[in-house]
Amino acid sequence: MYTADGHMCAHLTNPDRPNWDDPPTTAQKLAAFEGLAAYCGRFELDEANHVMWHYPEVAWKPSYVGSKQRRPYRIEGSRLTF
């Protein structure tokens, strides 16, 4: 998700993550965590170099907060790919 005021939020999951039992096993919790990436923060575009920069302010991985993430991108028609 990207907003016009320069913020973004991403939530990526492995589509093959197993469903959880109730309660989940330790292995199921680990598989869920390992199959997840999520962060939100500001973003900037460097149109000359076709690079999008993400600046996570909250994240599933503590070391991501405050980092600068480079995301090369291209636009083909109305589709954004990075």
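In this predicted model, Met 52 makes a good starting point for a tour of the fold. Leaving aside neighbours within four places in sequence, Met 52 is in contact with Tyr 2, Phe 43, Glu 44, Leu 45, Gln 69, Arg 70, Arg 71, Tyr 73, Leu 80 and Phe 82. Two of these partners, Phe 43 and Tyr 73, also appear with Met 52 in the largest nonpolar core. That core has seven residues, and its other members are Met 8, Ala 10, Tyr 39 and Tyr 64. Strands E1 and E2 are the elements that give two or more residues to this core. In soluble globular proteins, nonpolar side chains tend to be buried together.

The strands that surround this part of the story can be followed through their pairing. E1 and E2 run antiparallel and are joined by seven bridges. Within this pair, Leu 12 has Ala 37 of E2 as its bridge partner. E2 also pairs with E3, again in the antiparallel sense, this time over eight bridges. Here Arg 42 is matched with Tyr 55, its bridge partner in E3.

A covalent link accompanies the pairing of E1 and E2. The structure holds one disulfide, formed by Cys 9 and Cys 40 with their sulfur atoms 2.0 Å apart. Because Cys 9 belongs to strand E1 (residues 7–13) and Cys 40 to strand E2 (residues 36–46), the pair ties together parts that are 31 residues apart in sequence. Cys 9 has a relative accessible area of 27%, so this residue counts as partly exposed.

The connections between elements have details of their own. Between E1 and helix H1 (26–34) runs a loop that contains Pro 23. The peptide bond leading from Asp 22 to Pro 23 is cis, with omega near 5 degrees. Further along, the hairpin of E2 and E3 has four residues between the strands. His 50 is found in this loop between E2 and E3 and, although not a glycine, has a positive phi of about 55 degrees. With a relative accessible area of 45%, His 50 is partly exposed.

The next loop to visit lies between strand E3 (51–59) and strand E4 (69–72), and Ser 67 has its place there. Is Ser 67 buried or exposed? Its relative accessible area is 18%, under the 20% limit, so Ser 67 is buried despite its loop position. The side chain of Ser 67 makes a polar contact of 2.8 Å with the side chain of Gln 69. Gln 69 is also one of the residues in contact with Met 52, which brings the account back to where it began. Not counting residues up to four places away in sequence, Ser 67 touches His 54, Tyr 55 and Pro 56. Among these, Tyr 55 is the residue of E3 that serves as bridge partner to Arg 42.

Towards the end of the tour comes strand E6 (residues 79–81), where Arg 79 is located. Arg 79 has a relative accessible area of 57%, above the 50% limit, and is therefore exposed. Arg 79 and Ala 4 are 75 residues apart in sequence, and their C-alpha atoms lie 17 Å apart in space.

Note on methods: Residues numbered from 1 in each chain as written. Predicted model: local features only at pLDDT ≥ 70, side-chain atom pairs only at ≥ 80, totals over all residues. Heavy atoms only, no water. Disulfide = S-S within 2.5 Å. Buried < 20%, exposed > 50% of the residue type's maximum accessible area, 1.4 Å probe, protein only. Polar contact = N/O pair within 3.5 Å; in protein donor to acceptor, adjacent residues only side chain to side chain. Contact = heavy atoms within 4.5 Å. Core = buried A, V, L, I, M, F, W, Y, C linked by side-chain atoms within 4.5 Å. Pairing = 2+ DSSP bridges.
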